[in-house]
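Please open the structure in a viewer and keep the sequence at hand. The tour below proposes one selection after another and states what is found at each stop.

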Amino acid sequence: MQVHEAMSTAVVQLGPDHTLRQAAQLMSRHRVGSAIVLDPDGSGVGIITERDILKALGADLDPDVERTAEHITWEVVYASPTWTIEEAASAMVRGGFRHLVVLDNDDVLGVISVRDILRVWVHQTALA
């Protein structure tokens, strides 16, 4: 199975000036563990995850003051929609992260998460 068949296309997009609280509220409302951060000044596509927000709160940072720009991961490993889910899982293990942004050229198509991969594998096992 390929990434485009397993990824989530319900992607939350934020700007670098959103507060951490706004990011958390949007992610919670949409029931996702990450949000894509698009920088209009051209820094590219980044990602902020629930883990990034948790680290900020654990460091006693104010979620109403802190901006996503300070907590974005810009060194994102992007998945191709034609990767296999095994390739995506391997990239996650190598990089130590749970989400991959799926890009086709420069267009964000979605996000694939560990949860997406597990869902596919459990479904495939149940059918076997």
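In which loop is the place of Asn105? Select Asn105 in this predicted model: the residue sits in the loop between β5 and β6. Its phi is positive, about 60°, although Asn105 is not a glycine. With a relative accessibility of 69%, Asn105 counts as exposed.

**The whole chain**

Next, display the entire chain as a cartoon. Five helices and six strands can be traced in the chain. Followed along the sequence, they give the pattern α-β-α-β-β-α-β-α-β-β-α. The radius of gyration is 15 Å, close to the 14 Å that the globule rule gives for 128 residues, so the chain is as compact as a globular protein of that length. Along the principal axes, the C-alpha atoms of the chain fill a box of roughly 50 × 30 × 25 Å.

Colouring by accessibility brings out the interior: buried residues account for 39% of the 128 residues. Contacts may be drawn as well. Among those between residues at least 6 apart in sequence, 58% join residues at least 24 apart.

**Helix α3**

Now select residues 50–58, which form helix α3. Which residues of α3 are buried? Asp52, Ile53 and Ala56 are. These three cover an arc of only 95° around the axis, which puts them on the same side of α3. A general point of geometry is useful here: an α-helix has 3.6 residues a turn, so residues three or four places apart point the same way.

Rotate the view to the other side of α3, where Leu54, Lys55 and Gly58 are exposed. To see what the buried residues of α3 pack against, add α2 (20–30) and β3 (44–49) to the selection.

**The loop after α3**

Continue along the chain to Asp60, which follows α3. Asp60 belongs to the loop between α3 and β4 (78–79). Phi of Asp60 is near 60°, a positive value in a residue other than glycine. Is Asp60 buried or exposed? Its relative accessible area is 72% and the cut-off for exposed is over 50%, so Asp60 is exposed.

Remain in the loop between α3 and β4 and select Thr68. Thr68 has a relative accessible area of 0%, and is therefore buried, the limit being under 20%. Show its surroundings, leaving aside neighbours within four places in sequence: Thr68 is in contact with Leu14, Gly15, Pro16, Asp17, His18, Thr19, Leu20, Ala23, Val37 and Ile48.

**Strand β6**

The next selection is Gly110, which lies in strand β6. At 0% relative accessibility, Gly110 counts as buried. Which residues does Gly110 touch, not counting those up to four places away in sequence? They are Met7, Ser8, Thr9, Val11, Leu100, Val101 and Val102.

With Gly110 still selected, add Thr125 and use the distance tool. The two residues are 15 apart along the chain, and their C-alpha atoms are separated by 25 Å.

**The largest pocket**

Turn now to the pockets, with the surface displayed. As a general principle, rolling a probe the size of a water molecule over the atoms shows where empty space is left. The largest pocket has a volume of about 460 Å³. To find this pocket, select Val32, Gly33, Ser34, His99 and Arg115, which lie nearest its centre among the 23 residues of its lining. The elements giving two or more residues to this lining are α2, β2 (34–39), α3, β6 (107–113) and α5 (114–127). Colour the lining residues of the largest pocket by type, and they divide into 12 nonpolar, six polar and five charged.

**The second largest pocket**

The last stop is the second largest pocket, with a volume of about 290 Å³. Which of its 15 lining residues are the closest to its centre? Select Thr49, Thr73, Gly96, Phe97 and Arg98 to see them. At least two residues of this lining come from each of β3, α3 and β5 (99–104). By type, the lining of the second largest pocket divides into six nonpolar, four polar and five charged residues.

Notes. Residues are numbered from 1 along each chain as its sequence is written. This is a predicted model: local features need pLDDT of at least 70, side-chain atom pairs count only at pLDDT 80 or more; totals for chains, interfaces and linings use all residues. Side-chain values use heavy atoms; hydrogens and water are left out. Buried means under 20% relative accessible area, exposed over 50%, partly exposed in between (1.4 Å probe, protein chains only). Helices (H or I, at least four residues) and strands (E, at least two) are DSSP runs, numbered from the N terminus. The arc is that of the directions from the helix axis to the C-beta atoms. Contact means heavy atoms within 4.5 Å. On a 1 Å grid over the protein atoms alone, a cavity is a set of points where a 1.4 Å probe fits but cannot get out, and a pocket is an open set with protein on both sides within 12 Å along at least five of seven lines; lining residues have an atom within 4 Å of a point. Grid points are joined across faces, edges and corners, and a volume is the space filled by probe spheres set on the points. Ala, Val, Leu, Ile, Met, Phe, Trp, Tyr, Cys and Pro count as nonpolar, Asp, Glu, Lys and Arg as charged, and the others, Gly among them, as polar. The radius of gyration is taken over C-alpha atoms; the globule rule is 2.2 Å times the number of residues to the power 0.38.
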